[in-house]
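Let's take a walk through this fold together, going from strand to strand and then out to the helices and charged pairs. Keep the structure open beside you as you read.

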Amino acid sequence: MLDLTKLYPVERAVLEAAGGKISSEGAVDHIITSGEYMVPVRMYPRKNARKLMIYIHGGGWATESIDTYDGVCRSISEELHCHVISVEYSLSPEKKFPYALNECIAVITEVQKNIRIFGLSEEDIVLCGDSAGGNLAAAACTLLRDRENIPISKLILLYPVTGSDYSEDSPFESVHTKGKGYTLTARHMRDYVILYMNTPEDLKSPYFTLLNGTDYSDMPDTLIFTAENDPLCSEGTEYAHRLAKAGNHVKHYRVRGASHGFFKDHRSKASSKARKIMRDFLKGGVADGGK
């Protein structure tokens, strides 16, 4: 089996090549500066949009980019009719925890400070992330809450990483039942965790391992998608349960028959259905087709 702790540069190259040539039409590349952080972003403005989504891409904290997620963000902007800001956070292992998280925080706070430029208010900001990006999005919300910063109003997580144990002793059923033979494997996740962490002590942090948290209250209205054939399914479900138990407004949809990463195939039926559910969620409605 491939060892991603050694072959992550190859995976990056393959993913970038598969993304094809990116058209800059309708998008603006920019660098957001906040303190010591200078974070590249790609902005997809939308005329008369009433929401702004900050999107944090997946890739195990070690692969993918705003280029490989260009189609995803364009589809979101068009179908949800919102501005989108896609974040090019630094990848591991060159930059380890919590560097990427701090970059995401920097982008979020700068967007909050300057949201009036878009003719919107802080309540119109939506944070979204898939897989490792979902981990970063949820961790950012938790950290901002703990710092008593301006809260994010809505959070969307697609098959997020909320645990960190992908061993044979993992407490999560899907690690054992869906950890082999699908798009993402338990072995992949073990490698990604190794690449992202500085020391094993990082795993104890609730900003790394979300399910190590003790306080899940005062979080944004949250929409969580899990995929049936995904080793992360059980931990994503558990995170949704803890948010709801703490009194938050949570919608959880398990996508039957889907594997990890289904949302990135923005032309697929599963991805299209997820965007419809997201659109209804942003409008305050409850879409059909949930867990």
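**A tour from the central sheet outward**

V41 stands opposite V87, a residue of strand β4. That pair is a handy place to step in, and please keep in mind from the start that this is a predicted model. V41 belongs to strand β2, residues 37-44, which pairs with β4 in the antiparallel sense over 4 bridges. On to the next neighbour: strand β3, residues 52-56, runs parallel to β4, and 5 bridges join the two. Within that pairing, I54 has I85 of β4 as its bridge partner. To get from β3 to β4 the chain passes through helix α2, residues 70-80, and this β-α-β crossover is right-handed.

How many residues of strand β4 are buried? The answer is 5 of the 5 in the stretch 83-87, so the strand is largely enclosed by the rest of the structure. In a regular strand, side chains alternate between the two faces of the sheet. Both faces of β4 turn out to be covered: H83, I85 and V87 are buried on one side, and V84 and S86 are buried on the other.

Now zoom out to the whole sheet. It is an open sheet of 8 strands with mixed pairing, and the order is β1-β2-β4-β3-β5-β6-β7-β8. At its edges stand β1 (28-34) and β8 (250-259); each has a single partner strand, so one side of each is left without a neighbour in the sheet. From one strand to the next, the twist averages 20°.

Going back to β3, we can follow the order on to strand β5, residues 125-130. These two strands pair in the parallel sense over 5 bridges, and L52 stands opposite I125 of β5. Helices then lie against this framework. Helix α3, residues 99-113, packs on the sheet and touches β1, β2, β3, β4 and β5. The direction of α3 makes about 100° with that of β1. Helix α4, residues 132-146, also packs on the sheet, where it touches β3, β5 and β6 (154-158). Its direction makes about 140° with that of β5.

Another helix to visit is α6, residues 186-196, which is mostly covered, with 8 of its 11 residues buried. Among the buried residues are A186, H188 and M189, along with the aromatic-named positions Y192 and Y196.

Let's turn to the charged side chains. Side chains of opposite charge can pair when their charged atoms come close, and this structure holds 15 salt bridges. One of them joins R145 to D146, with the closest N and O atoms 2.8 Å apart. Is R145 buried or exposed? It counts as buried because its relative accessibility is 17%, under the 20% cut-off. D146, at 39% relative accessibility, counts as partly exposed.

Two further salt bridges sit within helices. An α-helix has 3.6 residues a turn, so residues three or four places apart point the same way. R242 and E238 both lie in helix α7, residues 233-245, and are 4 residues apart, about one turn of the helix. Their side chains meet in a salt bridge at 2.8 Å, N to O. R242 is partly exposed, with a relative accessible area of 24%, and E238 is partly exposed too, at 25%.

Helix α8, residues 269-283, contains D280 and K276, which are likewise 4 residues apart, about one turn of the helix. The closest N and O atoms of their salt bridge are 3.2 Å apart. Here D280 is buried, with a relative accessible area of 18%, whereas K276 is partly exposed at 38%. Elsewhere, salt bridges that share partners join D29, R42, D67, D70 and R74 into one network.

One member of that network brings us back to where we began. R42 lies in strand β2, the strand that pairs with β4. What does the side chain of R42 make a polar contact with? The partner is the side chain of D29, at 2.6 Å. R42 counts as buried because its relative accessibility is 8%.

Note on methods: Residues numbered from 1 in each chain as written. Predicted model: local features only at pLDDT ≥ 70, side-chain atom pairs only at ≥ 80, totals over all residues. Heavy atoms only, no water. Buried < 20%, exposed > 50% of the residue type's maximum accessible area, 1.4 Å probe, protein only. Pairing = 2+ DSSP bridges. Right-handed = clockwise from strand over helix to strand, strands pointing away. Polar contact = N/O pair within 3.5 Å; in protein donor to acceptor, adjacent residues only side chain to side chain. Salt bridge = Lys/Arg side-chain N within 4 Å of Asp/Glu carboxyl O. Axes fitted to C-alpha atoms, helices over the stretch in contact; angles between N-to-C directions. Contact = heavy atoms within 4.5 Å.
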